[in-house]
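Visitor: I have a model open and would like to go through it in small steps. Where should we begin?

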Amino acid sequence: QDANLQKPALAKDDGEKRILETIVEARKGQRYANVSEADGRLMRQLVEAVNAKRVVELGTSTGESGLYFSLALRKTGGKLYTHDIDPGRVEVAKANFKKAGVEDLIVITMGDAHETAPKNTEPIDVLFIDAEKPGYDAYLRELLPLVRPGGLILAHNMHTPAPNPKYVEAITTNPDLDTSFLLMDGAGLGVTLKKR
Ligand SMILES: C[S@@+](CC[C@H](N)C(=O)[O-])C[C@H]1O[C@@H](n2cnc3c(N)ncnc32)[C@H](O)[C@@H]1O
């Protein structure tokens, strides 16, 4: 985003204020390649625009992306189903979700997301891939059948660190999908539409 044009996110109501304040606080703690503010705001915009009821996230970490999603989900009436293998980070995420007052919007599952995420077979409105980078193409194979037509697959780190070429191939050569690469001056976000 153009630093000359962009301004800080503004809270529309008290709920948003509490979430945005929690994000600011969380950023002061230990960070693990969490989404940037630009990534997070774009993700919130997309989730709210598609009126997502079910967002599945691979890679909860300390919950910063989850907090951005919650800005949208409290308006769409949806939920985030987020998966992580690291119990320490999940504990921090839980505390952040509580502090933001959004714990009821988020279901955290601990374990290897390749096993845990495909267990629930309900349609996914938005899938966000942000766990281990070599696993991206496998995650797509495992979960693309569950993404609803008209749904989105978001993939973090399409620029830095360098993306898994098999994932990039899969999202750019399948006629059922249409992909844009956004915010590539930062970590980079792949935005893939599963066509209707
Ligand atoms: C880059 S961080 C996620 C950042 C988070 N989405 C955010 O923006 O706040 C990647 C996370 O993936 C988790 N992870 C790595 N391999 C995993 C696996 N096989 N299953 C589930 N989580 C995994 C790590 O524990 C780590 O917390």
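Guide: We begin with a term: helices (H or I, at least four residues) and strands (E, at least two) are DSSP runs, numbered from the N terminus. The model is a predicted one.

Visitor: Where does Asn51 lie?
Guide: Asn51 is not a glycine, yet its phi is positive, about 55°. Most residues other than glycine have a negative phi. As for its place, Asn51 sits in the loop between H2 and S1.

Visitor: Is Asn51 buried or exposed?
Guide: A residue with 12 or fewer other C-beta atoms within 10 Å of its own is exposed. Asn51 has 12 C-beta neighbours inside 10 Å, so Asn51 counts as exposed.

Visitor: How does Ala33 count, by its C-beta neighbours?
Guide: Ala33 is in the loop between H1 and H2, and its phi is positive too, near 50°. A residue is buried at 20 or more neighbours and exposed at 12 or fewer. Ala33 has 14 other C-beta atoms within 10 Å, so Ala33 is partly exposed.

Visitor: Which strands are the edge strands of the sheet?
Guide: The sheet is open and has seven strands, with mixed pairing, in the order S3-S2-S1-S4-S5-S7-S6. An edge strand pairs on one side only. That description fits strand S3 (106-110) and strand S6 (177-182).

Visitor: Which residue in S4 is the bridge partner of Val56?
Guide: Strand S1 (residues 54-58) and strand S4 (residues 124-129) run parallel and are joined by four bridges. In S4, the partner of Val56 is Leu127.

Visitor: What angle does the direction of helix H6 make with that of S4?
Guide: Helix H2 (residues 37-49) packs on the sheet, and its direction makes about 175° with that of S5. Helix H6 (residues 136-143) packs on the sheet as well, touching S1, S4 and S5. The angle between the directions of H6 and S4 is about 165°.

Visitor: Is H1 roughly parallel or roughly antiparallel to H3?
Guide: Two packed helices are described by the angle between their axes and the distance between the axes. The axes of helix H1 (residues 14-28) and helix H3 (residues 64-76) come within 10 Å and cross at roughly 175°. Angles over 145 degrees count as roughly antiparallel. H1 and H3 are therefore roughly antiparallel.

Visitor: How do the residues of the contact of H1 with H3 divide into nonpolar, polar and charged?
Guide: On the H1 side the contact includes Ile19 and Ile23, and on the H3 side Leu67 and Arg74 are among the residues. The division is five nonpolar, three polar and three charged.

Visitor: Which elements give two or more residues to the shell around the ligand?
Guide: The ligand is surrounded by 20 residues, and the closest are Asn34, Gly59, Ser61, Glu64 and Ser65. The shell divides into six nonpolar, seven polar and seven charged residues. The elements asked for are H3, S2 and helix H5 (113-116).

Visitor: Which two residues does a cis peptide bond join?
Guide: Most peptide bonds are trans. Here one with omega of about -15° is cis. Its proline is found in the loop between S5 and helix H7 (165-172). The two residues are Thr160 and Pro161.

Visitor: How far apart in space are Asp86 and Arg141?
Guide: Asp86 is in the loop between strand S2 (79-84) and helix H4 (87-100). Asp86 and Arg141 are 55 residues apart in sequence. In space, C-alpha to C-alpha, the separation of Asp86 and Arg141 is 23 Å.

How values were computed. Residues numbered from 1 in each chain as written. Predicted model: local features only at pLDDT ≥ 70, side-chain atom pairs only at ≥ 80, totals over all residues. Pairing = 2+ DSSP bridges. Contact = placed C-beta atoms within 7 Å. Axes fitted to C-alpha atoms, helices over the stretch in contact; angles between N-to-C directions. Parallel < 35°, antiparallel > 145°, perpendicular 65-115°, else oblique. Nonpolar A, V, L, I, M, F, W, Y, C, P; charged D, E, K, R; others polar. Near = placed C-beta within 6 Å.
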